[in-house]
Amino acid sequence: MSQVNRRNFIKLSATAGAALAIAPVSSVQGKEIAQSSMPMRTLGRTGYKLPILSMGVMRADNVAVVRAAYNSGIVFFDTANGYQNGRNEEMLGNFFADKPRNSFYLATKVRVPSGSDAGQQLRKSFDTSMSRLKLSYVDILYCHGLSSAAEVNNKAIMDVLLAIKKEGKVKFLGVSTHSNEPEVINACVDNGNFDVVLTSYNFGQKHLDQLNPAIERAAKAGLGIVAMKTMAGGRNEDQEINVKAALKWAWQNPNIHTAIPGFTTFDQLEECVATVNNLEMTAEEKKFISVAANQPLLYCQGCRICEGQCSKHLPIPEMMRAYMYNYGYRSAKLAKEVISELNLSENPCGECASCSVKCTNGFQVAKKIKDITRLQNIPPEFLV
């Protein structure tokens with residue numbers, strides 16, 4: 001795709017289907033998806049041929065940006081049951097209501113509940129998602145945020161997932177993972193029932209020597225690999241992340257079939273699309289990656305070692321993720337959503353004279369927790 005300016009993006013946001021209407025068409029798994037001029041890769045055994053650039057819709061609340069992405073050649077959109085308390089799915093459901101079902105792919109996610117009725121609760125969440133999305137099926141249903149092999153192999157949950165797939169409401173099953181990714185990915189391969197993995201993947205991860213082999217093994221086994229968190233937290237302590245460098249770094253791995261950066265504005269979309277034009281990294285981009293990979297980032301590695309060190313066993317990785325959303329992605333509203341799900345006390349560290357947690361990433365955990373938990377007392381209408 002040739003680089004386009006902001007005026008053209010605004011035009012794309014207003015002209016429904018313009019780019020797709022003139023693009024050549026290919027049939028994949030019984031679907032007809034317009035071939036993008038972006039580089040394409042096949043999402044494992046799903047057979048879906050996708051542009052390497054897809055859209056993570058999590059933070060987007062402007063349907064015009066979704067429309068511009070769709071009209072620019074992006075065909076794969078990622079959401080979840082909990083994003084924006086369901087409004088994210090509702091926005092996509094309304095947008096795609098008048099679009100040909102064979103012109104896009106859509107993935108959503110549901111949290112895996114605990115308890116004896118976990119399967120029933122998961123089914124209820126999925127049914128709610130389908131009602132919001134106004135679809136007869138979704139292309140991919142992910143179990144959201146798994147961090148262990150035990151979670152991957154939960155039989156009660158697996159039985160429900162397979163039943164939903166048999167009913168034709170889901171084409172393919174997957175998991176998303178923010179922590180212990182190598183263990184989760186290898187478990188998905190061994191399980192045999194999952195088709196796609198949505199994994200954190202960025203230049204700042206300290207366990208790439210374990211993650212890359214797991215991704216390669218999964219890809220060779222036929223699993224589709226989707227990359228998220230490619231921006232490594234959005235910024236480090238001193239500067240914004242170089243978007244083009246971060247995306248190009250991820251795409252250098254041929255086993256990354258597509259990435260879902262969470263752009264929310266026309267400028268951000270334009271920058272991502274422009275990056276696809278030339279995947280060769282410039283000397284400046286290579287230098288940025290080399291330097292930034294060794295600097296403190298806002299991105300939590302998700303190792304969960306901190307949980308064993310904390311006397312209260314607080315969900316520290318989730319709180320650090322909220323901190324990242326607030327200060328890295330500039331989304332206080334999303335950070336509050338994450339914090340609100342954790343059912344924390346007003347001052348979770350209040351009884352501790354000193355913090356026993358020694359973060360492997362160098363985070364000042366107690367300071368960050370005190371800062372981010374203040375969002376609990378701020379009404380969401382005052383946040384952006």
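**Figure 1. Salt bridges across the predicted model.** In this predicted model, a search of the whole structure identifies 17 salt bridges. Three of these pairs are shown in the views that follow, together with a network that includes Asp 195.

**Figure 2. Close-up of the salt bridge between Arg 123 and Glu 167.** The closest N and O atoms of Arg 123 and Glu 167 are 2.8 Å apart. Distant parts of the chain are linked by this pair, whose members are 44 residues apart. Arg 123 belongs to helix α5 (residues 118-133), while Glu 167 is located in the loop between α7 (155-166) and β9 (170-177). Glu 167 has a relative accessibility of 43% and therefore counts as partly exposed.

**Figure 3. Close-up of the salt bridge between Lys 155 and Asp 159 within helix α7.** Both residues lie in helix α7, where they are four residues apart, or about one turn of the helix. The closest N and O atoms of the pair are 2.8 Å apart. Lys 155 is exposed, at a relative accessible area of 59%, whereas Asp 159, at 39%, is partly exposed.

**Figure 4. Close-up of Asp 195 and Lys 165, which form a salt bridge.** Here the closest N and O atoms are 3.4 Å apart. Asp 195 is in the loop between α8 (181-191) and β10 (196-200) and Lys 165 is in helix α7, so the salt bridge ties together parts that are 30 residues apart in sequence. Asp 195 has a relative accessible area of 5% and is buried; Lys 165 has a relative accessible area of 29% and is partly exposed. Together with Arg 45, these two residues are linked in a network of salt bridges.

**Figure 5. Close-up of the largest nonpolar core.** This core has 114 residues, and Met 55, Phe 203 and Ile 316 are those with the most contacts inside it. A second, separate core of 15 residues includes Ala 107, Ile 140, Tyr 142 and Val 226. In soluble globular proteins, nonpolar side chains tend to be buried together. When neighbours within four places in sequence are left aside, the residues in contact with Ile 316 are Cys 306, Glu 307, Cys 310, Val 357, Val 365 and Ile 369.

**Figure 6. Close-up of the largest cavity, with a volume of about 120 Å³.** The lining of this cavity comprises 17 residues, of which Cys 300, Cys 303, Cys 306, Cys 359 and Thr 360 are the closest to its centre. Two or more lining residues come from each of the elements α13 (305-309) and α14 (316-327). By character, the lining consists of 10 nonpolar, five polar and two charged residues. The structure has three cavities of 30 Å³ or more.

Conventions
Residues numbered from 1 in each chain as written. Predicted model: local features only at pLDDT ≥ 70, side-chain atom pairs only at ≥ 80, totals over all residues. Heavy atoms only, no water. Core = buried A, V, L, I, M, F, W, Y, C linked by side-chain atoms within 4.5 Å. Buried < 20%, exposed > 50% of the residue type's maximum accessible area, 1.4 Å probe, protein only. Contact = heavy atoms within 4.5 Å. 1 Å grid on protein atoms, 1.4 Å probe; cavity = no way out; pocket = protein on both sides within 12 Å on 5 of 7 lines; lining within 4 Å. Points joined across faces, edges and corners; volume = space filled by probe spheres on them. Nonpolar A, V, L, I, M, F, W, Y, C, P; charged D, E, K, R; others polar. Salt bridge = Lys/Arg side-chain N within 4 Å of Asp/Glu carboxyl O.
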